Amino acid sequence: MTIDALRAAFSRPGTVAVEAGRNGMPRFVLTHSSGSRVEVYLHGAHVVSWRGAAGNERLFLSERSQFQATRPIRGGIPIVFPQFGGGPLPPHGFARTSPWQAHAARVTPDGETELVLQLRDAGTTLELWPHPFLLTFTIRLGTALTLALDLHNRGSGHVRFQAALHTYFAIADIRQATVSGLKAVTRVDTLRENAREKEERETVGFAGETDLIYAGAPDRLTIRDPAAARTFTIAKSGMPDVVVWNPWIEKARRMPDFGDDEYARMLCVETGIIDAPMLLAPDQTWRGITRFEAEP
Ligand code: TA6
């Protein structure tokens, strides 16, 4: 659909706008009476910005991010599906580089602004992953940001998949930031041949490249960013696992769409089905939800 057609079908006065974003890519802007604001591209159904009432940006977006149809946007909240990390499919799957469709836009009965985007199987996806599916992404903006993924298995057989919200949080100083709520959780260190051990730390801090999968993590986590006097709270359901990732200096230098010094201003805390794929029976639907709050 053209931007004019998207605007005619989905814009809502004062809450949902449709505009040409970077490189003319269609972008939705959601706003809420509290003053909060979200920007999301149809490309990858990619949330790139979440601002609080004071206009403070809460998501990291690389200054070198490429807004190209064949590339994932670096930062914001990439949708990982149907594969996490490397494997037979493109890294982190094809959802984040696919053109999604707008499905619905409304203000909910409790006053939140809601946008629903969808991705279903097509020739391009069936070549990579021979399974009919419908993936629905629901964005709800109030004083919090609530994101839901629903996967409907439209095929006649069982399907194994992984799915995650690969959230890049804006952090004032990674060296002071911490993640709490992971103590005693099984931790898989992807930088040490996937060594599995129990997390012993009450709070996880950062002094180097970190790439940890937490299998079966609690549904509530806290990220503290003392340099910005800010706290993020994550509440999840249907998303058993968490990844905590910072590339640090050397890996940052190897990433072409990531500034050499940007590692110090971001932290990924990801939620989803990551440690092991989930099996979904024909005509069944999986739902995973993550609710983000931030102060300020
Ligand atoms: O979620 C952590 C991770 O899997 C890291 O290993 C790193 O590769 C990161 O994702 C970014 O992956 P991307 O494909 O977006 O460059």
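Trainee: Which strands supply at least two residues each of the lining of the largest pocket?

Mentor: In this predicted model, those strands are β16 (210-215) and β19 (241-246).

Trainee: What makes a residue count as part of that lining?

Mentor: A lining residue has an atom within 4 Å of a point of the pocket. Here 18 residues line the largest pocket, and the closest to its centre are R74, H92, H166, W245 and K251. The space in this pocket comes to about 370 Å³.

Trainee: What kinds of residues make up the lining, by class?

Mentor: Eight are nonpolar, four are polar and six are charged.

Trainee: Where is the ligand?

Mentor: The ligand takes up the space of the largest pocket. Around the ligand you will find R74, F84, H92, R96, H166, D211, V243, W245, K251 and E270. This shell has three nonpolar, two polar and five charged residues.

Trainee: Why is the pair between H92 and the ligand called a polar contact?

Mentor: A polar side-chain atom of H92 lies 3.0 Å from an oxygen atom of the ligand. The cut-off for two N or O atoms is 3.5 Å, so this pair counts as a polar contact.

Trainee: How do you know that R96 and E270 make polar contacts with the ligand?

Mentor: Try the same reasoning! An N or O atom in the side chain of R96 is 2.8 Å from a ligand oxygen atom, and for E270 the value is 2.7 Å. Both values are within 3.5 Å, so both pairs are polar contacts.

Trainee: How much of the ligand's accessible area does the protein cover?

Mentor: The protein covers 81% of the 390 Å² that the ligand has on its own.

Technical notes. Residues are numbered from 1 along each chain as its sequence is written. This is a predicted model: local features need pLDDT of at least 70, side-chain atom pairs count only at pLDDT 80 or more; totals for chains, interfaces and linings use all residues. Side-chain values use heavy atoms; hydrogens and water are left out. A residue is near a molecule or strand if one of its heavy atoms lies within 4 Å of it. A polar contact is a pair of N or O atoms within 3.5 Å; within protein, one must be able to donate a hydrogen and the other to accept it, and residues adjacent in sequence count only if both atoms are side-chain atoms. Accessible areas come from the Shrake-Rupley method with a 1.4 Å probe; for residues, only the protein chains shown count as cover. On a 1 Å grid over the protein atoms alone, a cavity is a set of points where a 1.4 Å probe fits but cannot get out, and a pocket is an open set with protein on both sides within 12 Å along at least five of seven lines; lining residues have an atom within 4 Å of a point. A molecule sits in a cavity or pocket if more than half of its atoms lie within 2 Å of its grid points. Ala, Val, Leu, Ile, Met, Phe, Trp, Tyr, Cys and Pro count as nonpolar, Asp, Glu, Lys and Arg as charged, and the others, Gly among them, as polar. Grid points are joined across faces, edges and corners, and a volume is the space filled by probe spheres set on the points. Helices (H or I, at least four residues) and strands (E, at least two) are DSSP runs, numbered from the N terminus.
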